[in-house]
Amino acid sequence: MSSSNKSLPYTTKDVHYDNAKFRHRSFFKVIYQTFFTSNVKRTSLSCSTGKFLALLLIFGIAYLMLTHTSPANSVTDRLGKGVKNSKDKLVSYGGSRLGKLLRKPPRLPPRLSPDQKGFNNSSSHESDKLNAGSKWIARQQSVKDAFIHAWSGYTKYAIGYDELMPLSQHGVDGLGGLGATIVDALDTAMIMGVDEVVSEAGSWIEKHLLDRITKKGQVNLFETTIRLLGGLLSAYHLSGGEQGMKLTHTGPKPTVYLETAKNLADRLLSAFTSSPTPIPFSDVILHDSTAHPASGGGLSSTSEVSTLQLEFNYLSAISGDPKYSVEAMKVLEHIKTLPKVEGLVPIFISPHTGEFSGENIRLGSRGDSYYEYLIKVWLQQGTAQDNSLTYLYDMYTEAMKGVRHRLVQKSIPNGLVFVGELPYGSEGAFSPKMDHLVCFLSGTLALGATKGITKEKAMKYNLLNFEDLENLKLAEDLAKTCFEMYAVTSTGLAPEIAYFHTKDFSEGGLDGGNKSSEYVKDIIIKPADRHNLLRPETVESLFVLYRITEDPKYREWGWQIFEAFEKYTKVDTGGYTSLDDVTTIPPHRRDKMETFFLGETLKYLYLLFADSSLIPLDKFVFNTEAHPFPIKGTKNDS
């Protein structure tokens, strides 16, 4: 069928049939053509008897037509062949042969010219688009309001502290005392256009942060890098540094963020230079720029040592000093040489030996962002991708094959796709345990498949291979599972950890509480795992998948999650709080607002509802704390 007929309920063949078989002819024209344009005229009408018989036939037919004309239902009643249509009207099938012969042609819908069709369709489409656009603008504003409410609680009760305890209304330092919420939230305020928060946060950073960096004690290398160093570098770009986006015209000059970032990074470098191997120590003493391994064995987390490179690479790019990138990239170059199981790696590594420790393989805590940064550090190079870094893409590709082969299973009875663990290594038993943290993987898979452009565009230019399509399918399946981890609970919020019912694993009486969920028997939530920390990983993946697939269901899922946050975690006096148990109503509240709720969760929700031109995925790469850095070789217009 030609494209012009796709919207019509008949084909060109039908039209030709109509023209040939159902060209309208009146009854008298039929009789005239039958008797006066054929051999009948030359034979039957050649005598008076023939003429008489012809006239008699004509009047007889006319009489039959007049006396047997009746409503369709009475004919149907007599023939017993009527059926009811969807509106309970009787429709006749059958009738006299004469009726069939003389019936009128079926009325086909009128054909519109391409211009007419385009006008009607486009006007309707534009109306729908405007309505949908206004809905998402309103929802975007709701997320912005939530951010302002969260910030107001922090500034009211905890300004200068790392985190807010919204129920007891005070601050707490759990990340080294550097005002982590302020730095983590700054670029979210810039992206949302909340100038008063940008001004307040920027002023605090300018007045206090450098002093704190020079005086504070122990900090964790990973957490300080992704939250504070990442936040400062993103703020530098978004405020116009290095001809960046200039999303804000308030707050200090961009160089304030850059100089503070350099001072912090110089102290963090001691974790690399103090180690006898390319694997850095986990902890740094800021005031004297020393570092030491973690207590209790001295091991570092694999994800922590391999989730520093985006930040240090970007700092080298904008400062002109390669030392940051050189030290950070040594880690990945070293891990490239270590043995793996189909690209999968244990979650601990020793800075003393440079070797992996133990056999525990998982994509949850201590393993997650290793895989995320393999693809993102490669993508960060953009069009200027260095051939020497293709090993990162190769490592990522191999690892995703390993994930599909060894870690992906389906639940019963309804077949949710999930990523489990190998706590005793590749030869040990499979565990159907999945941290909420694993939900990052959905977005990473989609990003790795299309490199940030839409699926439609990637398909149009034939940029996706079979493996890319497999990864996209897995990304969408995992996003569905992660959303159901929310929908299956009484509160509509996900637990920190879920288990999945399989043929080898089942525990009764541990469902999420929402008995109406289709997947209530698939997902198992143990009592110790029922807390919710306002985590971002699911909405992060919904954001990425919406941008890449353009499927509106991901926006709708994100809105449902946001509404649950609003209903159960919002604190009237300011801020939002973590929960102890998502399976009960009302849920017990934990009294903690993590910095990533402002830095990541609300940012990703806002971008999910925003136009796709805001922080586009083919021009920016997000660090694991949702701080966007520009991809090399791309122009980011303000």
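The paragraphs below lead through a predicted model of a protein chain, from its overall make-up to one helix, one helix pair and two single residues.

The protein chain contains 23 helices and 17 strands. Of its 638 residues, 52% are buried. When contacts between residues at least 6 apart in sequence are considered, 67% of them join residues at least 24 apart.

Helix H9, which covers residues 195-215, offers a first element to follow through the model. With 21 residues at 1.5 Å a residue, H9 should span 30 Å, and because its end C-alpha atoms are 30 Å apart, the expected and the modelled values agree. H9 nevertheless has a kink of about 45°, centred on His208. The buried residues of H9 are Val197, Val198, Ala201, Gly202, Trp204, Ile205, Leu209 and Ile213. As background for reading such a list, an α-helix has 3.6 residues a turn, so residues three or four places apart point the same way. In H9, Val198, Ala201 and Ile205 are among the buried residues, as are Leu209 and Ile213.

The next element is a pair of helices. Two packed helices are described by the angle between their axes and the distance between the axes. For helix H18 (residues 440-450) and helix H20 (residues 466-487), the axes come within 8 Å and cross at roughly 155°. Angles over 145 degrees count as roughly antiparallel, and H18 and H20 are therefore roughly antiparallel to each other. The crossing of these two helices, H18 and H20, is left-handed. On the H18 side, the contact is made by Leu441, Ser442, Leu445, Ala446, Gly448, Ala449 and Thr450, while H20 contributes Asp468, Asn471, Leu472, Leu474, Ala475, Glu476, Leu478 and Ala479.

Two single residues complete the tour. Thr188 belongs to helix H8, which runs over residues 180-192, and Thr188 counts as buried because its relative accessibility is 1%, where the cut-off for burial is under 20%. Setting aside residues up to four places away in sequence, Thr188 touches Phe147, Leu598, Gly599 and Lys603.

Val172, by contrast, is found in strand E4, made up of residues 170-172, and its relative accessibility of 27% is why Val172 counts as partly exposed. Beyond its neighbours within four places in sequence, Val172 is in contact with Tyr161, Asp162, Glu163, Met165 and Lys592. Ile159 lies 13 residues from Val172 along the chain, and the C-alpha atoms of the two residues are separated by 10.0 Å.

Terms used. Residues are numbered from 1 along each chain as its sequence is written. This is a predicted model: local features need pLDDT of at least 70, side-chain atom pairs count only at pLDDT 80 or more; totals for chains, interfaces and linings use all residues. Side-chain values use heavy atoms; hydrogens and water are left out. Helices (H or I, at least four residues) and strands (E, at least two) are DSSP runs, numbered from the N terminus. The expected span of a helix is 1.5 Å times one less than its number of residues. The bend at a residue is the angle between axes fitted to the seven residues ending there and the seven starting there. Buried means under 20% relative accessible area, exposed over 50%, partly exposed in between (1.4 Å probe, protein chains only). Axes are lines fitted to C-alpha atoms, for helices over the stretch in contact, and angles run from 0 to 180 degrees between N-to-C directions. Angles under 35 degrees count as roughly parallel, over 145 as roughly antiparallel, 65 to 115 as roughly perpendicular and the rest as oblique. A crossing is left-handed if the near helix is turned anticlockwise from the far one by less than a right angle, and right-handed if clockwise. Contact means heavy atoms within 4.5 Å.
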